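Here is my note on the model, in numbered points. I suggest keeping the structure open beside the text as you read.

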Amino acid sequence: MIYNGRIMHKSLLVEGWSLCVEDLLKNEQIQSMSKYIHHSNVTCLDHSMHVSFKAYVVCRRLGLDYRSAARGALLHDFFLYDWHVHQPGRGLHGFVHPKIALENAQAITKLNAIEEDIIIKHMWPLTLSLPKHREAMVVIWVDKYCTILEMLRKSRP
């Protein structure tokens, strides 16, 4: 990978990303995301880690707040239920899960404005509010990219 005109070894990127999210990854509730299949046979945790790492790399390359991008992306699907099973009274998953993920994230960690924007707006344009931060827009597109890859490969990232 090239970063600021230099070749950066992927292991250094992984190490930098890990430093941004290691406290979150130690959380039992976040680890419980591995119980839920999200796309094809990819768990919600694997998907969120996939989006988080790619958003970290893109934001780092663009000179944006890569730490907030990594953390917000890791928490963007922190809804903790099987969305494939209809749950009466909850509403359509695509519309309600960003708010549920935000509430769950706020219960386990303090979020900054960028992280909140990422979590609550990651389903744009389905949810109509535009993101306020460039990092949120990066996560929106990275999330869609990772979802397409996961669904086409039908395998783990």
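1. Of the 157 residues of the chain, 49% count as buried, where buried means under 20% relative accessible area, exposed over 50%, and partly exposed in between (1.4 Å probe, protein chains only). This is a predicted model, in which local features need pLDDT of at least 70 and side-chain atom pairs count only at pLDDT 80 or more, while totals for chains, interfaces and linings use all residues. Residues are numbered from 1 along each chain as its sequence is written, and side-chain values use heavy atoms, with hydrogens and water left out.

2. On the overall layout, the chain holds seven helices and four strands; helices (H or I, at least four residues) and strands (E, at least two) are DSSP runs, numbered from the N terminus. Read from that end, the order is β-β-α-α-β-β-α-α-α-α-α. Taking contact to mean heavy atoms within 4.5 Å, residues 24 or more positions apart make up 62% of the contacts with a separation of 6 or more.

3. The surface comes next. About 8500 Å² of the chain is exposed, and carbon and sulfur atoms supply 59% of that. The areas come from the Shrake-Rupley method with a 1.4 Å probe; for residues, only the protein chains shown count as cover.

4. Now to the interior. The largest nonpolar core (buried Ala, Val, Leu, Ile, Met, Phe, Trp, Tyr and Cys residues joined through side-chain atoms within 4.5 Å) has 25 residues. Trp-17, Val-21, Ile-30, Tyr-56, Leu-75, Phe-78 and Ile-119 have the most contacts inside this core. Helices H1 (10–25), H3 (44–62), H4 (66–75) and H5 (93–108) each give two or more residues to this core, and H1 supplies the largest share, six residues. Another core lies apart from it, with 13 residues, among them Ala-55, Ala-73, Ile-114 and Val-142.

5. Phe-78 deserves a look of its own. Leaving aside neighbours within four places in sequence, the contacts of Phe-78 include Ile-30, Met-33, Ile-100, Ala-101 and Ile-108. Gln-29 and Asn-104 are also among the residues that Phe-78 touches.

6. How many aromatic pairs are there? The count comes to two, with rings of Phe, Tyr and Trp (its six-membered ring) pairing if their centres lie within 6.5 Å; planes under 30 degrees apart count as stacked, over 60 as edge-to-face and the rest as tilted. Trp-17 and Phe-53 form an edge-to-face pair, at 6.0 Å centre to centre and 90° between the planes. This pair links H1 to H3 across 36 residues, and both Trp-17 and Phe-53 are buried.

7. The other pair is Tyr-56 with Tyr-66: the ring centres are 5.3 Å apart and the planes at 90°, so this pair is edge-to-face. Tyr-56 is buried, with a relative accessible area of 0%, whereas Tyr-66 is partly exposed at 33%. The charged end of Arg-60 sits over the ring of Tyr-66, 5.4 Å from its centre; the rule asks for NZ of Lys or CZ of Arg within 6 Å of the ring centre and within 35 degrees of the ring normal.

8. Finally, H4 is mostly covered, with eight of its 10 residues buried, including Arg-71 and Leu-75. At its N-terminal end, Asp-65 acts as a cap, with a side-chain oxygen 3.4 Å from the backbone nitrogen of Arg-67.

Terms used. A polar contact is a pair of N or O atoms within 3.5 Å; within protein, one must be able to donate a hydrogen and the other to accept it, and residues adjacent in sequence count only if both atoms are side-chain atoms.
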